[in-house]
2 protein chains.
Amino acid sequence: MANAIRFLSADAVEKAKSGHPGMPMGMADVATVLFRDFLKYDPAAPHWPNRDRFILSAGHGSMLLYSLLYLTGYKDITLEELRHFRQLDAKTAGHPEYGHAAGIETTTGPLGQGISNAVGMALAEQIFHAEFPDLVDHKTYVIASDGDLMEGISQEAISLAGHWGLKNLIVLYDDNSISIDGDTNLAFTDDTQRRFEACYWEILTIDGHNFEAIANALSRAQQAQRPILIRCKTRIAEGAPTKAGTSSSHGSPLGPHEIAQMRQNLDWDAQPFDIPADILAEWREAGERHRAKRQEWEAHFNRHPDSKEISRRLNHERQPSVKDALKSVILSYIDMPVERATRQLSQEVLERIAPLMPELIGGSADLTGSNNTKAKPQRIINRDNFAGNYIHYGVREHGMAAIMNGLSLYGGFRPYGGTFLIFSDYLRPALRLSALMHQPVIYVLTHDSIGLGEDGPTHQPIEHLAALRAIPNLNVFRPADGIEVTECWDLALNTPDRPSVLALTRQNVRQIRLKDSQKNLSGLGGYVAWGDAEQRDLTLIATGSEVGLAVEVAETLAEQSIKATVISMPCTRLFDEQPKDYRKSVLGSAPRFAIEAASPYGWERYVGESDHIFGIPSFGASAPYQDLYDKFGLTVEKIVPKILKQIQKND
Amino acid sequence: MANAIRFLSADAVEKAKSGHPGMPMGMADVATVLFRDFLKYDPAAPHWPNRDRFILSAGHGSMLLYSLLYLTGYKDITLEELRHFRQLDAKTAGHPEYGHAAGIETTTGPLGQGISNAVGMALAEQIFHAEFPDLVDHKTYVIASDGDLMEGISQEAISLAGHWGLKNLIVLYDDNSISIDGDTNLAFTDDTQRRFEACYWEILTIDGHNFEAIANALSRAQQAQRPILIRCKTRIAEGAPTKAGTSSSHGSPLGPHEIAQMRQNLDWDAQPFDIPADILAEWREAGERHRAKRQEWEAHFNRHPDSKEISRRLNHERQPSVKDALKSVILSYIDMPVERATRQLSQEVLERIAPLMPELIGGSADLTGSNNTKAKPQRIINRDNFAGNYIHYGVREHGMAAIMNGLSLYGGFRPYGGTFLIFSDYLRPALRLSALMHQPVIYVLTHDSIGLGEDGPTHQPIEHLAALRAIPNLNVFRPADGIEVTECWDLALNTPDRPSVLALTRQNVRQIRLKDSQKNLSGLGGYVAWGDAEQRDLTLIATGSEVGLAVEVAETLAEQSIKATVISMPCTRLFDEQPKDYRKSVLGSAPRFAIEAASPYGWERYVGESDHIFGIPSFGASAPYQDLYDKFGLTVEKIVPKILKQIQKND
């Protein structure tokens, strides 16, 4: 059965003339035992909520996963798909892509991400299990490589898995001593056993080509009281006559001669993509092993008093009370305008919605008080009590983001997590995967400009808004006041297929909107927030804390009988997605200026001329924030004369 | 003496009404023993090459460093500077900023960076020591916090330090059990001893308030045969009567009442910023302890046969033969145009210059063969032989970048390191610090677009060029052919104060420039690469692999008697820095179009209209690269009709 994986993998890579045969061949034996005798799954119901999760963290070995999905009978992965490995529009992409086919639990390839997603999934299971012990009770399995363990993110995830004592997490480490540059001894000589022990994991070491040893280890893992690492000593490309155990088998086709020789050595007469009927039958039988159990579970679930609530969460349906709560927050500001930091206004929202949304799982990378991410009713999740909804991630931004991806992919959760906007750089690879996988993870990123003041340039985001806006399928929100904060939370929670960033201030901001606008104006991306939409001499576009500044500029210009209209642009992407007529009506035809305490990069899109942008082209500095706004020319006194000069020039 | 640090720190934070008093107070005793009895330094010659390096990785405790620099007599940090802690234009920024004052060896604050820089510095010392054992022989000391150790990057650096056996690296871990969210038990329960043992470090655990224990540990560390972690059990804000040991002392002023009480308890009568004369004298004496030794070293150095070569390296002076070598590479392409991948053309450059530049230290994050970063004569650095110039970093992009910062800050080295452009996200926080610290680190980022083909969207950079271009003080080069590759390397190597990214293709590109242009045209950022600069109907701007495509588009338009001029724009920042007249002459007044196989974000700056940009607004896909260029509309067949339509619209 394992050789079926070997030949499918070698032949598909050969046909594509591109790919990674070594890993699937090396781990074929381990994967066979796992999928034949242990993994709880049903290819006929790939979304069965109580299935075991299987994560191929070493995503370059995608043919291992595709082979298994085909062999066990997942409908999405046909022989035709295997033949089209790595071709345009194939479900069998170079690396496993979430959404391409059922059975692919997450997108992997960037190393360290899969194992960290898996920690999130195992945590999700424990949280669900705490609430619904008779419905949710399963394992999360991972195949990880040397590369996964070398990446720093894996340490963050491993450390948290041990901290939480995730006894349902089983990592199969493909310890083949080969990386791309050659022997792992070149750069990776950690004592892996001791490293995992330091994080309170259980560790077993086995011969990854000995079926009995594999089965024994997996049996023992079923009873583990902690996360467990099964270190599988393997030979990369096991089965290949001359290339087994060499780095040349990692990322290139084996070549026709090597494969022909392998067919001979392994007594494999079948043509490429042709699996002998008896072997395929064995595999299909393995795929049906849990069908009855799955059907039983479904019957139990359908009778279960909580089935409706669980379905609601799995389907991302919001309780109607959430909308009302958000509306009441907005109305409270209409009655009584406030001048507060948008991070605090964000906490206001959380205080109202957290009790209404059990699916909401908050957290922060050790900045809970600064990010204002914890609502009072939220309870902290720890190894002794998973019945909570707030996570202390520690100073581990990257791990936090990848774990949030895992929580979101698992289903039934709406994770959000906080850090400073500057540290979006630390979690960027995982945030990009949220966007690529269409996971509506919410990133609460506070201290969003030089407005944080004294902490200085290492803590002041400059290019980060631009760098985030450039990521496809990500909504970057920078709300201006309490009403926009509430609207943006509403949008983030209502978006099923896109992650959101909420960029929030440390410092107080002025309330801009004073009347109830009935509809969610932030959802338009940008709108006329102050002044006349029709009659205008110029247009000021601003976001977040600078909308208040733009209004002050407009007020000052009004004293000189110059009519300035202020556009608040909380989300450039949503604005770009509006109909052209709307965009034109908002932007107007008068000269336009942008004000944002950040890199000017990208603002030409809306204002045309580079010298119409009031931004910060350099790094920040350490000082009280008012001094910094002055230093960087972002005050009424410095902006008004420049605008007047530009307008005169245009006249 | 330690209390002098405590009061300076508490009083400065109090005066600034902002800052972190807890850490300087908690580590005051350890730092006192280090600076008084062990650290080899001379405030009168802060750049002495053979000084010990001291890195405050926990940069939020900046007042610890500033106090020490003032007390030991560094000229840059005066009492006046301490009084202006965290104020505009002060050298005493919120976090230590490299370049603000001698004695600040690196910019810290983003956690995990300092300890990783220190690994680079300790490695630098070992490399220099291998070449000049009688001139370079010293330690690198680090103070690190819980937060440093939680960040994944620290694992990458710790692992490499152990792998290399850096016996000159001494990390003082401030183990105070407090993080911002509260007790470290909330999220950080690793067995730190075992974790470091797993990476082959020596570990000592001491009471960080016991002077004898501190001295004993540091004595022992002098003889260590491996990197050593001294785990200092401390109380945060030690000395504060009620706030010691609490997270409230981490990041906020203690308050006047607490400080008054502390003065009483510690018998400290002196006013804020007033250090009793006898104590200051003791500190100044400590600062003079190595003066004679430093002077001896200088005398020895001046007589040394290699002093000229070492000075050349320290001053970043290139040997003239490098220029000639680069010129000869360019001329070789004039004689015989080539069609190759720019990553291969980059290796050509390395093959020529590596033997001429002993200061050049190459490496890759386990993609040596793919990044083409290793020239044949380069020798691999390992624990048994530091006399090399190529580093296998393993799959540790972030650690690589921070270690390169350390190598660069150390002096005498020009580090470059390779990974895929997509993984610039993994190393972004450290790259940003290269730019902030003006370190000319070179990032060789290959596989720079969908042109990498089958590996798919997880490996295809889309937004990365924009995200990198938005970083201040970073040159992002995307050369189009062998000549531009050579020119960009020349620029990167000749830029003393700015890091460079070289974005290079996996796939072959057509050679654009066929004549010797005498001067380095890439240094202009953008220039007319094809067609007439004066007479033109439209202008096509492209970078890297798309310059060839733009030329094909122009050739096709020429068949219809439409004159298109092609601008190659290898570096937008350098172009933006050209005089306005030059920019105008290059861009021309005809309609402009941009072609780049990447996010369109930011191109409006040069072409005005969004629909004049041929880019990729979504994620990539897995397929042979020619299929992808077609899918995303980046072919002559798809671009030409759209341009014709746009021009007709404009007419």
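1. Start with the aromatic rings. In this predicted model, ring pairs join Phe35(A), Tyr41(A), Phe54(A) and Tyr74(A) into a cluster. Aromatic pairs come to 40 over all chains.

2. One of those pairs is Tyr66(A) with Phe85(A). Their ring centres are 6.1 Å apart and their planes meet at 70°, so the pair is edge-to-face. An angle over 60 degrees is what earns that name. The pair links distant parts of the chain. Tyr66(A) belongs to helix H4 (residues 62-72) of chain A, while Phe85(A) is in the loop between H5 and H6 of chain A, 19 residues apart. Tyr66(A) is buried, at 0% relative accessible area. Phe85(A) is buried as well, at 2%.

3. Now compare a pair in chain B. Phe7(B) and Trp268(B) are stacked, with 5.0 Å from centre to centre and 10° between the planes. Stacking calls for planes under 30 degrees apart. Phe7(B) lies in helix H1 (residues 2-16) of chain B. Trp268(B) is in the loop between helix H11 (256-265) and helix H12 (277-288) of chain B. The pair therefore ties together parts that are 261 residues apart in sequence. Phe7(B) has 2% relative accessibility and counts as buried. Trp268(B), at 7%, counts as buried too.

4. Rings also meet charges here. Arg284(A) lies over the face of Tyr70(A), 5.1 Å from the ring centre. In chain B, the charged end of Arg284(B) sits over the ring of Tyr70(B), at 5.1 Å from its centre.

5. Next, the annotation. The unreviewed UniProt entry places a "binding site" feature at eight positions of chain A: His60(A), Gly109(A), Pro110(A), Leu111(A), Gly147(A), Asn176(A), His250(A) and Phe423(A). These positions spread over 364 residues of sequence. They are spread in space too, up to 34.4 Å between C-alpha atoms.

6. Take Gly109(A), one of the listed positions. It sits in the loop between helix H5 (79-83) and helix H6 (113-131) of chain A. Is Gly109(A) buried or exposed? Gly109(A) is buried, because its relative accessibility is 7% and the cut-off is under 20%. Beyond its sequence neighbours within four places, Gly109(A) contacts Ser57(A), Gly59(A) and His95(A), and also Thr458(B) and His459(B).

7. His250(A) is also on that list. Its place is the loop between strand S7 (228-233) and helix H11 (256-265) of chain A. At 14% relative accessibility, His250(A) counts as buried. Its contacts, leaving aside neighbours within four places in sequence, include His20(A), His60(A), Ile180(A) and Ile236(A). His60(A) is itself among the annotated positions.

8. For a buried residue in a helix, look at Ser116(B). It lies in helix H6 (residues 113-131) of chain B. Its relative accessibility is 0%, so it counts as buried. Leaving aside neighbours within four places in sequence, Ser116(B) touches Ile153(B), Ser154(B), Ala157(B), Ala402(B) and Ile403(B).

9. Finish with strand S18 (residues 564-568) of chain B. Five of its five residues are buried. Ala564(B), Val566(B) and Ser568(B) point one way, and Thr565(B) and Ile567(B) the other. Which strands join S18(B)? Strand S16 (residues 527-530) of chain B runs antiparallel to S18(B), with three bridges. Strand S17 (residues 538-542) of chain B runs parallel to S18(B), with five bridges. Ile567(B) stands opposite Val528(B) and is the bridge partner of Ile541(B). S17(B), helix H22 (residues 545-559) of chain B and S18(B) form a right-handed β-α-β unit.

Notes: Residues are numbered from 1 along each chain as its sequence is written. Chains are lettered from A and ligands numbered from 1 in the order in which they are written. This is a predicted model: local features need pLDDT of at least 70, side-chain atom pairs count only at pLDDT 80 or more; totals for chains, interfaces and linings use all residues. Side-chain values use heavy atoms; hydrogens and water are left out. UniProt positions are given in the numbering used here, feature names are shortened, and annotations may be inferred rather than shown by experiment. Helices (H or I, at least four residues) and strands (E, at least two) are DSSP runs, numbered from the N terminus. Buried means under 20% relative accessible area, exposed over 50%, partly exposed in between (1.4 Å probe, protein chains only). Contact means heavy atoms within 4.5 Å. Rings of Phe, Tyr and Trp (its six-membered ring) pair if their centres lie within 6.5 Å; planes under 30 degrees apart count as stacked, over 60 as edge-to-face and the rest as tilted. A charge sits over a ring if NZ of Lys or CZ of Arg is within 6 Å of the ring centre and within 35 degrees of the ring normal. Two strands pair if DSSP finds at least two bridges between them. A crossover is right-handed if, with the strands pointing away from the viewer, the path from the first strand over the helix to the second runs clockwise.
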